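User: Could you take a close look at one part of this model for me? I would like to understand the barrel and what lies around it.

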Amino acid sequence: MGDKFSARPSRNKRAFLRVPVRLRAKLYLKGSFYRTVLVQELSTNGVAFILKEESSPDAFDLYLQLNPFSKAMKIRIEVRNRLKVPGGFRTGCSFAETSEKDQQLIDEYISRFVSIAGPSIALNVGAFFCSIDASWRILAYAIHSYYVSRQFAGTLPQPIAQYFYLFTLLLYAALSFTAFALPAYVIDRKAERRFLLSMECLLGAFVFVVTKSVLYWQVHLWRSEYLLVRGFFWAQFFLACYVGLAIAGGIGLLRKIDLILQIEEVHRSHMR
Amino acid sequence: MRDLIYLKALLISFIVSTFLISGLYFFLPFNSQVRQNIGKALDMDVLYLTSGETVHGWIWDEKEGMVVGGTKEGKIFTHRRSECVYIHRNVFLQYLRQMI
């Protein structure tokens, strides 16, 4: 062991993005089982886990499963540092030998971990659908008002409390377009705020869509004899479900975004 | 990232331009074919008769217990008011009102 390891944290000049994980792994020493450990951090070039004893060998074979259904990968690791933490010593190791395939799997795992593309694209697609929905509604509102006031000379009732509804419709359009126009990618805290704003706007649009879907249900639009009207009802129902799920996905993503930004901030500070 | 911005700009332009092009409807002459067709479609009435038959068309007149109108096929219909279970007037305009 010698002086190679320090009990105090040194400023780590790592160039590899490190993500927090909770993966069970087995340590083997010269071909025989040594210990089961809980891997707490994983990077493309190393792992960190807790060992109870301060003194342990300098190198191990690590058998790690990235998910319960994958084959365990064997990686030769070398201990780089130890840090006293509650419950033992956080042991940081670098990969000494990995197969190309295993390295690729680890790279993909970390890329997937830091990626938030899926839910953020779903939010954007939801906002896009709402924008289309808002546009046709405004147009249909104008056509309806025109026919009611001109062709039928006011004999038909105007849309629900005309000006209030028009205001609601314009607000819905503004929220949908804003949610769609705001960027979906989160690369820093500023972008995170924009992402939150986009989600809040979409939440407002979602309230409108759900209210309309409930109203359609109440007037039995889904039982209409016209395919066009029934199709419209189901399209609206799909929109409400899709936007709701996209928002739920976005809310579920918030903690992850915060975590990823923290990881990246630490990573950047080490890269400087 | 830049591609995504361009794509969004393109999609917004598409929605807005479709909206504006559709808005040209209001600038068309009143007797133009498009306006006549849309007006006719919104104005369509449906008669549900006691015989179970449904008549789609346009009611022109209702006098002395008689309902007179024309169908989509250009035929003229005359029914007693008592033969009609229900008359759904301006069907699509009513639907449009519920849908917007």
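Analyst: Happy to help; here is a walk through the barrel of chain A and its surroundings.

Please keep in mind that this is a predicted model. In chain A, six strands close into a barrel, and going around it the order is β1-β2-β3-β6-β5-β4, with antiparallel pairing. From one strand to the next the twist averages 45 degrees. A good place to see the pairing is between β4(A), residues 59-64, and β5(A), residues 73-85, which are joined antiparallel over six bridges. Within that pair, L62(A) has I75(A) of β5(A) standing opposite.

Helix α1 of chain A, residues 100-114, packs on the sheet and touches β1, β2, β5 and β6 of chain A. The direction of this helix makes about 150 degrees with that of β1(A).

Now to the nonpolar side chains. In soluble globular proteins, such side chains tend to be buried together. Here the largest nonpolar core has 70 residues, and L42(A), V47(A), L64(A) and I77(A) are those with the most contacts inside it. Helix α2 of chain A, residues 117-151, gives this core its largest share, twelve residues. Both domain 1 (2-114) and domain 2 (117-271) of chain A contribute at least three residues each.

L42(A) is a handy residue to display. Apart from its neighbours within four places in sequence, L42(A) is in contact with residues including L17(A), V19(A), V21(A), V47(A), L64(A) and L66(A). F95(A), I106(A), Y109(A) and I110(A) are also among the contacts of L42(A), as is R18(A).

There is also a second, separate core, with twelve residues, and among them are Y226(A), F232(A), F233(A) and W58(B). That last residue brings us to the partner chain. Chain A and chain B bury about 3,300 Å² between them, with 74% of it on carbon and sulfur atoms. The contact takes 42 residues from chain A and 34 residues from chain B. Three tyrosines, Y147(A), Y185(A) and Y226(A), supply 18% of the area that chain A buries against chain B, more than any other three residues.

On the chain B side, β2(B), residues 54-63, pairs antiparallel with β3(B), residues 66-71, over six bridges. These two strands form a hairpin with two residues between them, and E64(B) in the turn has a positive phi of about 45 degrees. β3(B) is also joined by five bridges to β4(B), residues 76-80, again antiparallel. In this second hairpin four residues lie between the strands, and G74(B) in the turn has a positive phi of about 95 degrees.

Notes
Residues are numbered from 1 along each chain as its sequence is written. Chains are lettered from A and ligands numbered from 1 in the order in which they are written. This is a predicted model: local features need pLDDT of at least 70, side-chain atom pairs count only at pLDDT 80 or more; totals for chains, interfaces and linings use all residues. Side-chain values use heavy atoms; hydrogens and water are left out. A nonpolar core is a set of buried Ala, Val, Leu, Ile, Met, Phe, Trp, Tyr and Cys residues joined through side-chain atoms within 4.5 Å. Buried means under 20% relative accessible area, exposed over 50%, partly exposed in between (1.4 Å probe, protein chains only). Domain bounds come from an automatic or database domain assignment. Contact means heavy atoms within 4.5 Å. Two strands pair if DSSP finds at least two bridges between them. Axes are lines fitted to C-alpha atoms, for helices over the stretch in contact, and angles run from 0 to 180 degrees between N-to-C directions. Buried area is the accessible area (1.4 Å probe) that two parts lose on being put together, summed over both.
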